[in-house]
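User: I am new to this model. Please take a close look at a single part of it, and describe how that part sits in the whole.

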Amino acid sequence: VPQTVSPRLIEEYNRRIPITKQIEAEMIPIMNAPGRFYHNEKHIRDCLILLDKHKHLMTDPESAEWAFWYHDGVYDPKSPDNEAYSAHMARCSLLEKMVPENKIDRVGECILATSHELTSNLPDARIVADIDLAVGLAVSPEQFDINADNIRKEYAHVDDAAFMKGRRDFFLSMLNKERIFSTLTEYENPARENMERHLKMLANG
């Protein structure tokens with residue numbers, strides 16, 4: 001019968017190996033699994049670069065960093081519930097590491113914000129959502145096209161017509177918003193320019 005690890009041993013392990021390092025080691029193999037062309041370790045690293053740039057705006061940048069590592073932990077292009085499952089993954093993992101409940105809740109809120117369906121009431125989560133969008137949309141035209149190609153590879157199970165319609169619908173839903181970025185408004189124009197350019201490309205077949 002497996003024995004439960006004592007809290008004392010977990011605390012000692014956390015002192016020896018910081019929780020952030022534990023999470024990184026846990027998630028890198030998951031993020032580099034076959035079939036991940038965009039939602040992979042590079043995507044996390046890109047998010048963390050922007051997090052470092054904007055962390056002065058946050059009350060708990062450590063929870064945001066943990067959220068980025070977990071936010072695509074469960075990624076199935078056929079599922080609408082990836083963020084919810086990823087938040088559950090984070091909760092289970094962080095509970096094992098004896099992270100306080102209120103901090104786990106903040107991590108979960110940040111992860112759920114990356115579904116981009118609703119604007120979170122938590123300011124840090126809004127910044128996390130903005131960063132997640134910025135690394136995909138507010139980049140150079142060349143990088144945007146690379147991102148688009150990698151996302152297409154993740155949707156290899158979808159035929160071209162359905163994929164193009166899905167992308168068109170997504171871009172239009174974003175462009176129809178008064179503001180795409182709730183906090184980091186510096187990324188608004190580059191993101192809009194890329195999406196408008198890509199919509200023209202889709203229209204031209």
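Analyst: Two residues are in contact here if they have heavy atoms within 4.5 Å of each other. The model is a predicted one. In the protein chain, 63% of the contacts with a separation of 6 or more are between residues 24 or more positions apart.

The whole comes before the part. The protein chain has ten helices and zero strands, so its order from the N terminus reads α-α-α-α-α-α-α-α-α-α. Along the principal axes, the C-alpha atoms occupy a box of roughly 60 × 35 × 25 Å. The radius of gyration is 18 Å, which agrees with the value near 17 Å for a compact globule of 205 residues. Of these 205 residues, 44% count as buried.

The part chosen is helix H4, which spans residues 61–70. H4 is mostly covered, with seven of its ten residues buried. Those residues are Ser63, Ala64, Trp66, Ala67, Phe68, Trp69 and Tyr70; to count as buried, a residue must have under 20% relative accessible area. Several helices contribute to the cover over the buried residues of H4, including H2, H3 (41–54), H5 (82–96), H6 (101–113) and H7 (123–137).

Of these neighbours, H2 can be described in detail. Helix H2 runs over residues 19–31, and its axis lies 9 Å from that of H4, at an angle of about 20°. That angle makes H2 roughly parallel to H4, since angles under 35 degrees are classed this way. The crossing of H2 past H4 is left-handed. On the H2 side, the residues that meet H4 are Ile19, Thr20, Ile23, Glu24, Glu26, Met27, Ile28 and Met31. On the H4 side, they are Glu62, Glu65, Trp66, Trp69 and Tyr70. Sorted by class, this contact between H2 and H4 has eight nonpolar, one polar and four charged residues. Trp66, Trp69 and Tyr70 thus appear in two descriptions: they are among the buried residues of H4, and they are also among the residues that meet H2.

Two of the other covering helices, H5 and H6, are joined by a loop that holds Met98. Met98 has a positive phi, near 60°, and is a residue other than glycine. Its relative accessibility is 36%, so Met98 counts as partly exposed. Further on, the loop between H6 and H7 contains His116. His116 is not a glycine either, yet its phi is positive, at about 60°.

Conventions: Residues numbered from 1 in each chain as written. Predicted model: local features only at pLDDT ≥ 70, side-chain atom pairs only at ≥ 80, totals over all residues. Heavy atoms only, no water. Axes fitted to C-alpha atoms, helices over the stretch in contact; angles between N-to-C directions. Helix = DSSP H or I, 4+ residues; strand = E, 2+ residues; numbered from the N terminus. Parallel < 35°, antiparallel > 145°, perpendicular 65-115°, else oblique. Left-handed = near helix turned anticlockwise from the far one by under 90°. Nonpolar A, V, L, I, M, F, W, Y, C, P; charged D, E, K, R; others polar. Buried < 20%, exposed > 50% of the residue type's maximum accessible area, 1.4 Å probe, protein only. Rg over C-alpha atoms; globule rule 2.2 N^0.38 Å.
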